[in-house]
Amino acid sequence: MSEITSKTTVPPISLRRRLTDHAMTAASVLTVVIVLAPLIAIFGYLVYRGVGSLNWDFLTKTPKPVGELGGGMANAIVGSIMILAVASVIGVPFGVGAGIYLAEFGRNRMGSIIRFTADVLNGVPSIVIGIVGYAIVVLYQHHFSALAGGVALAIMMVPTICRTTEEMLLLVPQALREAAYGLGVPRWRTTLSIVLRTATSGVITGVMLAFARIAGETAPLLFTTLGNQFWNTHPGEPTAALPLQIYVYANSPYEDWHRQAWAGSFVLIILIVGSVAAVRYVVRRGSFGTA
Amino acid sequence: MPGPQPVDTTGVMSAQAQRMPLLRSSDGAMADRLFKYTITACGFAVLGVLALIVYELVLRSGLSWHAFGFKFFATSEWDPVNEQFGALPFIYGTLVSSLVALIIAVPLAVGVAVFTTEMCPKKLRGPLSFFVELLAAIPSVIYGLWAVFVLVPLLSGYVQPFLGKTLGWTGLFTGPPYGIGMLAAGIILAIMIIPIISSITREVLMVVPQHQREAALALGATRWEMIRVGVLRNARAGIVGGIILGLGRALGETMAVTMVIGNRPEIAKSLFAPGYTMASVLANEFSEATGDVYLSALIEIGLALFLVTIVVNALARLMVWTVTRGQPARGHV
């Protein structure tokens with residue numbers, strides 16, 4: 001900018017304008033500092049309390065009755081994995097399928113409507129999805145279950161996976177499809193064996209991101225899986241889940257339960273950050289999809 | 001793109017010798033149709049899910065709707081024992097906590113986005129946006145846990161006494177500094193929606209054509225003047241879209257808010273006072289609701305929350321779309 005002012009015909013930039021420029025630069029640096037401060041505080045405190053509270057009992061025992069020290073969240077860790085498995089089994093095929101529809105058959109009005117619906121569904125509060133899980137599973141089963149929680153989380157996965165899958169499939173060059181058609185390969189085979197296969201790493205990225213998002217969800221589980229103090233490996237029964245247990249323990253008045261809530265949070269965040277990191281690794285190694 | 005090539009060449013070369021699986025199925029007009037129907041069904045499932053949500057919410061809130069009508073949204077009595085339900089305190093709490101969050105989050109989020117797109121050295125850009133987006137990956141319940149044990153003591157010990165002394169005359173910052181309350185909820189919501197607003201703002205700023213910046217600089221603008229005239233003004237609609245999207249998230253946010261807002265159905269002017277939101281009353285009372293009218297009233301709150309967020313989100317998407325033109329905006333990681 002100083003080259004401009006050096007031309008004699010242009011008057012120098014006034015002090016006021018220069019000061020405003022500097023002030024605004026300082027202000028935006030300040031916003032970055034203010035935004036990063038809570039992030040660092042949250043992560044720092046989480047690691048500090050989480051590592052300090054984590055022990056072997058926590059990972060292998062079930063909760064002790066109120067008032068007794070010790071115990072752990074082993075049942076909640078297993079329960080969370082079970083609920084997430086149910087959600088993935090239901091949500092992933094539908095999400096990927098809907099993504100394929102949008103990419104391969106969705107260049108029309110119907111496609112735009114579905115695309116817009118998926119975007120809007122993405123913003124529906126998770127607690128409302130929980131009500132739907134309650135209404136369509138719990139009311140028919142007449143009791144709370146891991147299945148109901150899984151269905152609610154699956155509903156949350158579909159729009160996210162659908163949109164990322166579509167984006168990834170659209171990155172596959174049209175020439176590949178034409179080459180396949182030219183060889184007489186039927187459309188379904190082209191889509192599954194060539195287009196989807198080419199975009200695999202990108203699609204997996206989308207799936208993992210959706211997974212990371214639902215892994216920490218608590219609100220939809222409150223009145224679908226309910227929680228459980230004991231071992232349960234049957235998907236049709238009320239089941240403990242890590243985020244639920246953290247919530248209950250955080251609200252309790254017991255110091256030992258607070259400690260376990262931090263340990264639980266640490267385990268949960270390791271699960272989520274671990275899957276995001278795995279995704280970045282897969283993407284970097286993958287030949288095609290770049291998220 | 002080495003991936004697909006082996007598939008093609010092996011298919012061509014061995015086609016004469018022995019029919020490869022890819023070609024053998026070329027008579028699959030039937031399979032093609034079946035495939036198209038299956039995939040279309042998956043696509044329509046997205047519509048189906050939305051329809052299902054609407055259907056269940058409307059169906060199951062009918063009882064409360066018949067009992068209270070529009071009065072439900074205008075009265076503030078919440079008495080499960082006598083089956084009198086009015087949702088006004090929850091609506092008030094949701095709106096006020098989200099508003100507080102927006103007031104705090106918008107300048108910060110836009111500032112971060114401006115810094116990362118316009119000022120930041122290239123090397124820092126990647127890590128910085130990664131860190132900000134990492135904030136979006138933290139589960140709500142962990143924000144809540146942190147807020148309960150770190151933010152709330154901080155507020156009641158230092159921030160609230162200070163605000164009460166300096167700004168108490170406005171009436172917004174009066175009453176005992178419990179820490180827990182509307183202010184705490186607003187602050188934790190702000191921390192949670194900053195990544196959404198800032199990542200969308202960044203996307204929008206990046207599609208502003210480079211020649212707009214160059215033109216402003218050529219006219220002798222300072223960097224800030226260039227950002228204000230050449231960049232922010234062009235991206236206005238998209239930024240507003242991002243803000244509304246953040247608002248949508250704040251309105252429906254449940255766990256962190258429930259843990260710090262105090263959960264008392266009252267309408268108080270002071271931000272220090274405890275409140276209640278639509279999402280937190282669902283979280284707290286749904287699984288223990290006894291009686292059909294009680295449950296139905298809670299579901300009606302869910303329906304209202306759903307409708308508000310749908311409208312807010314649809315509006316936001318349209319505004320972001322007008323700027324980015326077809327490139328879909330992605331709010332989260």
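Is the crossing of α2(A) and α4(B) left-handed or right-handed? Keep that in mind while you set up the view; the answer comes at the second stop.

**Before you start**

This is a predicted model, in which local features need pLDDT of at least 70 and side-chain atom pairs count only at pLDDT 80 or more, while totals for chains, interfaces and linings use all residues. Residues are numbered from 1 along each chain as its sequence is written, and chains are lettered from A and ligands numbered from 1 in the order in which they are written.

Now colour by pLDDT, the predictor's confidence in each residue, from 0 to 100. The model scores ipTM 0.87 and pTM 0.87. Chain A has a mean pLDDT of 87, with 92% of its residues at 70 or more. For chain B the mean is 86, and 89% of its residues reach 70 or more.

**Stop 1: the two chains together**

Select both chains and look at where they touch. Two residues are in contact if their C-beta atoms, placed from the backbone, lie within 7 Å. On that basis, 89 residues from chain A and 83 residues from chain B take part. On the chain A side, helix α2 (residues 15-53) gives the most, with 20 residues. (Helices are DSSP runs of H or I, at least four residues, and are numbered from the N terminus.)

Try colouring by class: Ala, Val, Leu, Ile, Met, Phe, Trp, Tyr, Cys and Pro count as nonpolar, Asp, Glu, Lys and Arg as charged, and the others, Gly among them, as polar. The side of chain A that touches chain B then shows 63 nonpolar, 17 polar and nine charged residues.

**Stop 2: α2(A) and α4(B)**

Select α2(A) again and add helix α4 (residues 88-119) of chain B; the two pack at an angle of about 115°, with their axes 8 Å apart. Axes here are lines fitted to C-alpha atoms, for helices over the stretch in contact, and angles run from 0 to 180 degrees between N-to-C directions. Angles under 35 degrees count as roughly parallel, over 145 as roughly antiparallel, 65 to 115 as roughly perpendicular and the rest as oblique. So α2(A) and α4(B) are roughly perpendicular to each other.

And the opening question? The crossing of α2(A) and α4(B) is left-handed: that's the name when the near helix is turned anticlockwise from the far one by less than a right angle, and clockwise makes a crossing right-handed.

Show some side chains too: among the residues making this contact are A:Ala27, A:Val32 and A:Ile34 of α2(A), and B:Leu108, B:Val112 and B:Phe115 of α4(B). By class, the contact has 11 nonpolar, four polar and no charged residues.

**Stop 3: α6(A) and α7(A)**

Hide chain B and pick helix α6 (residues 126-141) of chain A along with α7(A); their angle is about 135° and their axes are 8 Å apart. That is why α6(A) and α7(A) are oblique to each other. Their crossing is right-handed. Residues that meet here include A:Ile129, A:Gly133 and A:Val137 in α6(A), and A:Leu147, A:Ala152 and A:Met156 in α7(A). The contact has 12 nonpolar, four polar and no charged residues.

**Stop 4: α8(A) and α9(A)**

Move along to helix α8 (residues 174-182) and helix α9 (residues 187-198) of chain A, which pack at an angle of about 155° with axes 10 Å apart. That makes α8(A) roughly antiparallel to α9(A). The crossing of α8(A) and α9(A) is right-handed. On α8(A), select A:Leu176, A:Arg177, A:Ala180 and A:Tyr181; they meet A:Thr190, A:Ile194, A:Val195 and A:Thr198 in α9(A). This contact has five nonpolar, two polar and one charged residues.

**Stop 5: where to be careful**

In chain A, confidence is lowest in helix α1 (residues 2-6), with a mean of 51, and highest in helix α7 (residues 146-170), at 94. Residues 287-291 of chain A have pLDDT below 50. In chain B, pLDDT stays under 50 over residues 326-333. Where pLDDT is low, the predicted coordinates should not be read in detail.
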